[in-house]
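Please consider the charged side chains of the protein shown below. Where do they pair, and how are the pairs placed?

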Amino acid sequence: MRGIGGETKLDEIIAHVGAGRTLALVVAHPDDDAYGLAGTVALHAAEADFRFVLVHATDGGAGDIRNGFPATRETLGAIRRGECEAAWRAHGRVPDRHEWLGYPDGAVDQVPFSELVDRIAAILAEEEPDVVATFGPDGITAHPDHITVGAATDAAFARFVEGDGPGFKRLVHRVLPTSVFERWQHQRREMGLPVFDTTKAYHGRGVPDEQIGVTVECATVADRIIAGLLQHRSQLHVMADDPIDIPRLRRIVSHEWAVIAWPPRPASAPMLTDMFEGLD
Ligand SMILES: [Zn+2]
């Protein structure tokens, strides 16, 4: 028993071995994660066997700075890292491991692709996550950083799925269903807010509803999601309409949708209601 360090530590180790509840989320920018899977993390937060691994390719240092916010181009990246960490504290569950890959914001598609895949794969190899989540080819907003990070994560995941080791049971792409996206567009038009132009990068878009494999009901944790979102103080003007309408934001974050990118999903498969459903 040398080195185990007491019964509590031993219980932690036993809880983790073969647990089947490790989630790795790989995204591009601070705030992609808050709008990504904060609800799923909140729903599993209290489970002893839940482990949450978060990877950011960039620190978001090229992002817009909200009018009057005390940041400069030089300081924004460090500020956004701090906002991201504060956000997870506010969500109520900090990551068990948080990696910043340190690539330049807005230029992830300039990084040699094999290098990006290698770095993500190295983290996944250590963690053996049961579920890996990232962006799909739509990037939700067609941001080139999102699309590149998603493709690199898919490639990293593919290195492990053929093995018979633990983990790597499901790869999911966080998306918006077209029906929901169209409803939001309609509401925006009615409210006099600018609508998204799906022919342009940096604008939201949906994927066909029939591609959605997981729909997570997050209404019970919506306030925890919002508490985290509001910590991205330098980005509030990009993340929410001004003035911030909390009841509307609550409705926006009340579901998380994903396409199951692996294993292949038959067209007749039932809709899952949790990212881990069916894996035990
Ligand atoms: Zn982003």
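The questions and answers below concern the salt bridges of this model and their surroundings. The model is predicted, so local features need pLDDT of at least 70 and side-chain atom pairs count only at pLDDT 80 or more, while totals for chains, interfaces and linings use all residues. Residues are numbered from 1 along each chain as its sequence is written, and side-chain values use heavy atoms, with hydrogens and water left out.

Q: How many salt bridges does the count come to?
A: Side chains of opposite charge can pair when their charged atoms come close. A salt bridge is defined as a side-chain nitrogen of Lys or Arg within 4 Å of a carboxyl oxygen of Asp or Glu. By this rule, the count of salt bridges is 12.

Q: Which residue forms a salt bridge with arginine 93, and is that partner buried or partly exposed?
A: The salt bridge of arginine 93 is with aspartate 96, and the closest N and O atoms are 3.1 Å apart. Buried means under 20% relative accessible area, exposed over 50%, and partly exposed in between (1.4 Å probe, protein chains only). Arginine 93, at 12%, is buried. The partner is aspartate 96, whose relative accessible area of 37% makes it partly exposed.

Q: How many residues apart in sequence are the parts that arginine 97 and glutamate 127 tie together?
A: These two side chains meet in a salt bridge of 2.9 Å, N to O. Helices (H or I, at least four residues) and strands (E, at least two) are DSSP runs, numbered from the N terminus. Arginine 97 belongs to strand 3 (residues 97–103) and glutamate 127 to helix 4 (residues 113–127), so the pair ties together parts that are apart in sequence by 30 residues.

Q: Which residues are linked with Arg97 and Glu127 in a network of salt bridges?
A: Arginine 97 is buried at 17% relative accessibility, and glutamate 127 is buried at 9%. Linked with them in the network are Arg51, Glu99 and Glu126.

Q: Where does arginine 188 lie, given that it pairs with aspartate 241?
A: The closest N and O atoms of this salt bridge are 3.0 Å apart. Aspartate 241 is in the loop between helix 9 (236–239) and helix 10 (246–252), 53 residues apart from its partner, and arginine 188 lies in helix 7 (residues 178–191).

Q: What distance does the polar contact between arginine 248 and aspartate 241 have?
A: Arginine 248 is found in helix 10 and is buried at 11% relative accessibility. A polar contact is a pair of N or O atoms within 3.5 Å; within protein, one must be able to donate a hydrogen and the other to accept it, and residues adjacent in sequence count only if both atoms are side-chain atoms. The side chains of arginine 248 and aspartate 241 are joined by such a contact of 3.1 Å.
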